[in-house]
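User: Could you take a close look at the place where the ligand is held, and walk me through its surroundings with care?

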Amino acid sequence: MMEIKHLHPSLHAILLLEEEARINKIQQDSWIGYSRAQCIIAKLEDLLIYPRVIRMPNLLIVGDTNNGKTILANRFFVSHKPYLREADQSFIAPIVYCQAPPKPDEKRFYNNLLDSLFVPYRVSDRVEHKQQQLLNVLRRMETKMLIIDEIHHILAGNLAAQRIFLNVIKYLANELRIVIVGVGTKDALAAINTDPQLSNRFEPVILPKWTMNEEYLRLLASMEYLTPLKKPSNLVEYNMSQCILGMSEGTIGEISTVIKKAAILAIKQGTEQISRKILDSIDYIPPSERKKHFESY
Ligand SMILES: Nc1ncnc2c1ncn2[C@@H]1O[C@H](COP(=O)(O)OP(=O)(O)O)[C@@H](O)[C@H]1O
Ligand SMILES: [Mg+2]
């Protein structure tokens, strides 16, 4: 019997599968409930049952790109999915999740929202009409929370555009008495801080970059536990953890990419464990270098 204490029991059977199946497993998304994420989810749960008051509290989840914001918001959303209420056959959507359009365009913002609710609309309708339509739908679906991902896209425009969207958000929150959860980069936080009324109502919660501490080592240990390699890699060992942090530059998305690439190489080379040598051999360019490369074009 193979020594497999280093793996989650659900993966033991996967170890017996062919390379390809194991690689496929590694490439899939898996959720790790690190403590900051759990803490934010607990906050979201509290907000979802908040009574409808005149001034609803809002939340702004702030973090760098690729640091787990969307995955987190999505995880919360799918745990409170829309459903058909038996009693009156109404379609209820406790949470509505949408992505802000890439530019601060009010009409496209409403279009995106109506799309995410599968509500048909006429593209040519006036913006006021769309806004009204949206309010009606959200009331009918008894929506309690609106999550706007990539909110910096609509808040980081010029000042005039920013004003418009800050007012849109205020209007939706006031009319519907729903919780607004913004998700975005620190540009969004800066924009919200320009409006004293909103900055009072938006509590910022930060997903900081990962640094060398216990929480980071726990993350590595969890990632290793969920990676179907036949031998333990001991990623928490100082040299390895330091190396992964340096390569990834501290976002969870890059940390995960480095480990996935290394695990796949370890399978292909037959070493079945991630080592410093494997980390040095993977085909991986750190994000800052990718950026430089891109900017030189
Ligand atoms: N809780 C998590 N557990 C495991 N991997 C995660 C987690 N959160 C994020 N990731 C990884 O990080 C990547 C980027 O996350 P994402 O939420 O899209 O970042 P953001 O929205 O901040 O740009 C994901 O594709 C996933 O690989
Ligand atoms: Mg995102």
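Analyst: What follows is a description of ligand 1 and its surroundings. This is a predicted model, in which local features need pLDDT of at least 70 and side-chain atom pairs count only at pLDDT 80 or more, while totals for chains, interfaces and linings use all residues. Residues are numbered from 1 along each chain as its sequence is written, chains are lettered from A and ligands numbered from 1 in the order in which they are written, and side-chain values use heavy atoms, with hydrogens and water left out.

Ligand 1 sits in the largest pocket (a pocket is an open set of points on a 1 Å grid over the protein atoms alone, where a 1.4 Å probe fits, with protein on both sides within 12 Å along at least five of seven lines; a molecule sits there if more than half of its atoms lie within 2 Å of the grid points). Because domain 1 (9–30 + 210–290) and domain 2 (35–207) both give residues to the shell around ligand 1, the ligand lies between them; the domain bounds come from an automatic or database assignment.

Around ligand 1 there are 15 residues, of which Ile32, Asn66, Lys69, Thr70 and Ile71 come nearest, where near means having a heavy atom within 4 Å. The shell divides into five nonpolar, eight polar and two charged residues, with Gly counted among the polar ones and Asp, Glu, Lys and Arg as charged.

Among the polar contacts (pairs of N or O atoms within 3.5 Å), a nitrogen atom of ligand 1 is 2.9 Å from a polar backbone atom of Ile32. An oxygen atom of the ligand lies 3.1 Å from a polar backbone atom of Asn67, and an oxygen atom is 2.7 Å from an N or O atom in the side chain of Lys69.

Definitions and conventions: A polar contact is a pair of N or O atoms within 3.5 Å; within protein, one must be able to donate a hydrogen and the other to accept it, and residues adjacent in sequence count only if both atoms are side-chain atoms. On a 1 Å grid over the protein atoms alone, a cavity is a set of points where a 1.4 Å probe fits but cannot get out, and a pocket is an open set with protein on both sides within 12 Å along at least five of seven lines; lining residues have an atom within 4 Å of a point.
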